Number of protein chains: 2
Amino acid sequence: MLRLSKLTDYATVILSFMAKDEIQVHAAMEIAAVTGIALPTVSKILKMLVNAKMLISTRGAKGGYILARMPEEISVAAVISALEGPIALTECSISHQSCEQASGCDIRGNWGLINQTIHNALESVTLADLTRPAAVPEEVMIPLSSLYR
Amino acid sequence: MLRLSKLTDYATVILSFMAKDEIQVHAAMEIAAVTGIALPTVSKILKMLVNAKMLISTRGAKGGYILARMPEEISVAAVISALEGPIALTECSISHQSCEQASGCDIRGNWGLINQTIHNALESVTLADLTRPAAVPEEVMIPLSSLYR
DNA sequence: TTAAATAGGACTAGAATGGTCCTCAATCGA
DNA sequence: TCGATTGAGGACCATTCTAGTCCTATTTAA
């Protein structure tokens with residue numbers, strides 16, 4: 001199914017809520033209330049996004065979270081990476097250690113291309129695109145052939 | 001990590017081996033020996049591919065498996081679907097049942113676009129492309145804006 | 001000083017995944 | 001006809017991963 005984890009899904013929901021008024025500080029509890037996601041889970045996700053330098057946190061009373069960058073500068077690819085690590089379809093695409101497959105590994109190079117293609121697609125969509133349903137994002141072409149050298 | 005299951009990875013290895021001489025019938029045991037994947041696992045994958053009408057099987061002595069279509073006509077998207085079901089990043093993209101998120105669901109439409117984009121990318125790469133490392137696949141453009149109405 | 005928030009990590013239950021195995025059915029060839 | 005070979009179908013298990021919860025420490029505003 002090529003699935004994205006539930007947490008990543010939640011993250012996009014949370015981030016798009018925050019993107020609506022990006023200069024406002026939001027507490028975890030507020031976000032939980034608005035999105036309907038349980039507080040501990042929201043909290044966990046927010047911490048991950050802070051670690052990924054995607055959000056900035058303020059501790060203490062009146063504290064909370066705020067976007068570190070403009071919604072236009074936060075790509076879906078970045079969100080996925082923050083929650084799930086590097087975007088790659090296959091194991092070998094990440095760690096280039098020896099893979100034990102006897103004959104199959106000449107495929108790897110091409111998997112790299114597929115990964116690249118998908119990465120480009122995800123990179124081209126930003127939080128801003130997600131929050132504005134009818135908006136047309138900037139034109140992005142992904143000519144497969146250009147990925148081959 | 002946006003990961004593909006190991007079985008799907010294996011499937012591509014198996015299929016590319018079979019694509020090398022596509023008119024030959026290959027037994028599961030032979031494939032296991034060549035690819036280095038354990039026989040029961042190979043067997044399981046082959047059965048799935050048969051169910052997906054991607055391979056044709058012959059029972060009995062001298063039996064085995066053969067590609068149902070030409071390598072050029074088998075897309076990576078089809079392989080993934082065969083092993084993992086419909087390609088979709090989020091749950092809601094598959095079953096359009098009500099999703100309980102209070103405010104986040106205006107995002108859904110745009111997730112659909114991302115899914116479509118990725119699907120197109122995977123659809124545009126075929127088994128033939130995977131087996132010929134240096135080959136340039138047919139030019140495929142994926143203008144994001146065209147996906148919006 | 002107290003209340004409100006986040007930081008960091010441990011922990012658990014449940015689901016999914018990868019992998020194995022067994023029995024039945026079909027086909028070929030001697 | 002019979003036996004060997006090969007796939008079909010499904011049950012099954014162990015391990016890993018995921019989602020989700022909770023606890024304690026730290027920071028800050030009032």
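Me: Before anything else, what does it take for a residue to be near a strand?
Reply: A residue is near a strand if one of its heavy atoms lies within 4 Å of it. In this predicted model, 24 residues are around DNA strand C, and Ser57(A), Arg59(A), Tyr65(A), Lys6(B) and Lys44(B) come nearest.

Me: Which elements give two or more residues to the surface near DNA strand C, and what part of the DNA do the contacts reach?
Reply: Of the strand's atoms within 4 Å of the protein, 67% belong to sugar or phosphate and the rest to bases. On the phosphate side, an oxygen is 3.3 Å from an N or O atom in the side chain of Tyr10(B); among the bases, a nitrogen is 2.6 Å from an N or O atom in the side chain of Lys44(B), and an oxygen lies 3.2 Å from a backbone N or O atom of Ala61(B). The elements giving two or more residues to this surface are H3 (39–51), S1 (55–58) and S2 (64–67) of chain A, together with H1 and H3 of chain B.

Me: Turning to a helix, which residues of H2 (28–35) of chain B are buried, and which are exposed?
Reply: Ala28(B), Ile31(B), Ala32(B) and Thr35(B) are buried. They lie on the same side of H2(B) because they cover an arc of only 100 degrees around the axis, whereas Met29(B) and Ala33(B), on the other side, are exposed. The cover over the buried residues includes H1, H3 (39–51) and S2 (64–67) of chain B.

Me: What does Met18(B) touch, leaving aside residues up to four places away in sequence?
Reply: Met18(B) touches His26(B), Ile31(B), Leu46(B), Leu55(B), Tyr65(B), Ile66(B) and Leu67(B), and Met18(B) is among the residues with the most contacts inside the largest nonpolar core, which has 49 residues.

Technical notes
Residues are numbered from 1 along each chain as its sequence is written. Chains are lettered from A and ligands numbered from 1 in the order in which they are written. This is a predicted model: local features need pLDDT of at least 70, side-chain atom pairs count only at pLDDT 80 or more; totals for chains, interfaces and linings use all residues. Side-chain values use heavy atoms; hydrogens and water are left out. A nonpolar core is a set of buried Ala, Val, Leu, Ile, Met, Phe, Trp, Tyr and Cys residues joined through side-chain atoms within 4.5 Å. Buried means under 20% relative accessible area, exposed over 50%, partly exposed in between (1.4 Å probe, protein chains only). Contact means heavy atoms within 4.5 Å. Helices (H or I, at least four residues) and strands (E, at least two) are DSSP runs, numbered from the N terminus. The arc is that of the directions from the helix axis to the C-beta atoms. A polar contact is a pair of N or O atoms within 3.5 Å; within protein, one must be able to donate a hydrogen and the other to accept it, and residues adjacent in sequence count only if both atoms are side-chain atoms.
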